[in-house]
Amino acid sequence: MSKLIRDPDQREASNEEQAPLLLPLSNSAVVSHLKACQHLAAEHSKEAFKKYLHTLDDALTVEISNAKSNQESSELAEIQRELRQNATELERYFCGYLSEGFVKFKKKQLNTSYGGDSSDSDSLSLVDNEELEETISISSISQRADSYYAEPLWALNQRFAVLNEGEHVTESNNPASPIQYCDSLRRALKLLPLNSKTKSLAYKVYDDQVLALTKLITEDINAYLKQHGILPHLKYSLPTGAAPKSQLADSDSDAVGMALDAIAAQNKTHLPDPTLSPEEYQHSLLQAIRGLQTQVHPGQPLAPGEVIVPAADLVSALQAVQGTAQQAVSHFAEGEELVPVDISHVIDQIREQLKEEEKDGQVDKNDMHTIDLVGMVFEYMLNDENLPDSIKTLLSYLHTPFLKIAFIDPGFFEKTDHPARLLLNNLAEAGSRWVNNKGDAQFDIYNKIKLVVDRILKEFDNDLKVITGLLLEFSSYTKNIMRRQELMEKRATEKAQGEEKLREVKLRVNNEIRKRTDKVELPSAVLLFLLQPWSDYLSFALLRFGEKSTKWHKALALVDDVLWSIEPKSTAQDKNRQLEMHDELISAIESGFETIGFDQVKGKKLADAISSLIKLAIQSKKAEPAPMPMRDKLEKIAAEKAGTRVEDERQATPEEAQMVESLKMIEFGTWLEFRDGRRLKVAWYNARTSHYMLVDQMGKRQDMISGLALARKMIGGETKIVSGSSKPFFERALENIFHKLNEKAGTSVEGATDE
């Protein structure tokens, strides 16, 4: 197992919460805390992995008994034998990889992606289907765990940021986040000769255990860090409690209100337990939705002589409706306006088609609920602020084929890995990521989505292989784009970090010079020397050697010596010292000019001017100060060269200052939408200068904006944060439907009580 080297002995955690620590933490304290967190994660993962291997072994036994041929049975038996033989090694590798994440975190080298950290991460070639399926599995497992434990993981990110010198921490570089468990498993499984089927089984078994592991590790590490004074009062909650009671309310109205609240609470349905397996959670969520649908829309009894329309006839009618939608999309030309599908009229279209086919009758209550549920999914999509209008409109034409899928495959609503659900998730994510409300689309993604929609409408009959094939094609295409985009963002970020470091150095130098020259009358030659070539030399010394170096301190001391030497002295001792320092100062100035490659002629003139000023001071004479207009111009040029911010946060209003503080908590990867419809992403943030790097949907850098300027744009309504969620589109839609139906059910209870 990997170790954090040279760490001091860890102190026993106190049972009582400690006071917040003084920040920043020392390196030894950071190492000590990380070692303790590493130990907690390793202990829990070790126990969980042993159980996982036993469960996987049992699952392989079942697969062997259900094998369709002797060859398949033999292959599975060989894999099971390898699993048992290498169980100890697998456990060691898994725990070692997980522990290694803490070491990488300390070195600021941890950045785990769903596709892993393979050496060809910068390759732009398309991935094969097996790798894609593995990536999809890891993504699904990680995102589900991230969603269910958003609060403790958020708290863990904030606390790890304290151990990361205040730098931002997300799931990708949090050594105890679910993606690290999945990546450790991916790397450990390479020890076994798994084919795609058994690898899929391995991830499916792990999916059932990762929620419990996430819960244990996040709770224990959060508790440890909290006990040791690292953000002990961190809060992540919405305001709770009732609004202040009106003074006009009397006791009777209070009693009625309490009674209504009690009735509503009794009839309130809650989301299923998030610790359930994905299948169990989806099944419970669907059952809850079905129950609420029955409560809100109980359905009408059959009239005498009326018959139920079979589901097969409904599918046949939908096929005809799908053909109409396909014509609308296929004949849609560029420049024309595509009108969204009117979801509310779909049932009317189905009834009309049934009449044409002479199969008129009453739609079964359960079938009606299926129609309503699919309709609500697409209504949620049409109201989703994350999606540009053009993508909403385009995807609305998938309503009919997806309604067919809901009738053909009953597991559509319950399986998180259903190809139709994954395809809709990917289409929605690609649309929100690479299409903006101005109508612009990067990487030709709009036409790619349009092609997928057109092919579904044209080719999908009742065979889900069409959907699966399109999912693999589109996922491969978008993964290729994401790799290119991530590479471009990485290069833009590295360049911005270099520029910001240089900018910080120049600001520091300019501040050091201004601190020594403000309110001091100085000759033009001295101002020119300090604010131009010598500022460049100071920047070089600080950037190359650091602020603790002798070079930096000598270069800064020369500024003080020059300012002292050009002032007339009254004592013989000071005059002798001026005379002694003269040659050494001029020599140091000329050497500095040579180091930075300053123009020799200009450098000679400046050195001679400084020499003359020192000799003048030795004669107890003072040179004429620079005229104020000239001084202002020189200082302005120096400030602009240093990149001094135009906005001064000390001049911010209280509202702006509060917004600036709020923006410091913004996640990397957050999308901002501007008034003109552009969407830019926060790719990097410099905490020292409070500057945000914004990239476009291709990953190209578009702006480096200060926190105050961004705050003012947000307060003025020019910019807004595009609210996002780590949950896939379809799961967000189902949970939104659940909440809306729950509200309607509560309203109907209150209405019945009023009557």
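In the predicted model, residues 24 or more positions apart account for 77% of the contacts in the chain with a separation of 6 or more. The chain has 755 residues, of which 46% count as buried. Its exposed surface comes to about 38,900 Å², and carbon and sulfur atoms supply 50% of that area. The secondary structure consists of 26 helices and 7 strands.

Among these strands, strand 5 was examined in detail. This element spans residues 691–695, and 5 of its 5 residues are buried. Its side chains are divided between two directions: His-691, Met-693 and Val-695 point one way, whereas Tyr-692 and Leu-694 point the other way. Burial applies to the residues of both groups.

Strand 5 has a pairing partner in strand 4, which covers residues 679–686; the two run in the antiparallel sense and are joined over 5 bridges. Within this pairing, Tyr-692 of strand 5 stands opposite Tyr-685. The two strands form a hairpin with 4 residues between them, and Ser-690, located in the turn, adopts a positive phi of about 55°.

Strand 5 also pairs with strand 6, formed by residues 701–706, again in the antiparallel sense and over 5 bridges. Here His-691 has Ser-706 of strand 6 as its bridge partner. A hairpin likewise links strand 5 to strand 6, with 5 residues between them. The turn of this hairpin contains Gly-699, whose phi is positive at about 95°. Strand 5 is thus paired with strand 4 and with strand 6.

Methods
Residues are numbered from 1 along each chain as its sequence is written. This is a predicted model: local features need pLDDT of at least 70, side-chain atom pairs count only at pLDDT 80 or more; totals for chains, interfaces and linings use all residues. Side-chain values use heavy atoms; hydrogens and water are left out. Buried means under 20% relative accessible area, exposed over 50%, partly exposed in between (1.4 Å probe, protein chains only). Two strands pair if DSSP finds at least two bridges between them. Contact means heavy atoms within 4.5 Å. Accessible areas come from the Shrake-Rupley method with a 1.4 Å probe; for residues, only the protein chains shown count as cover.
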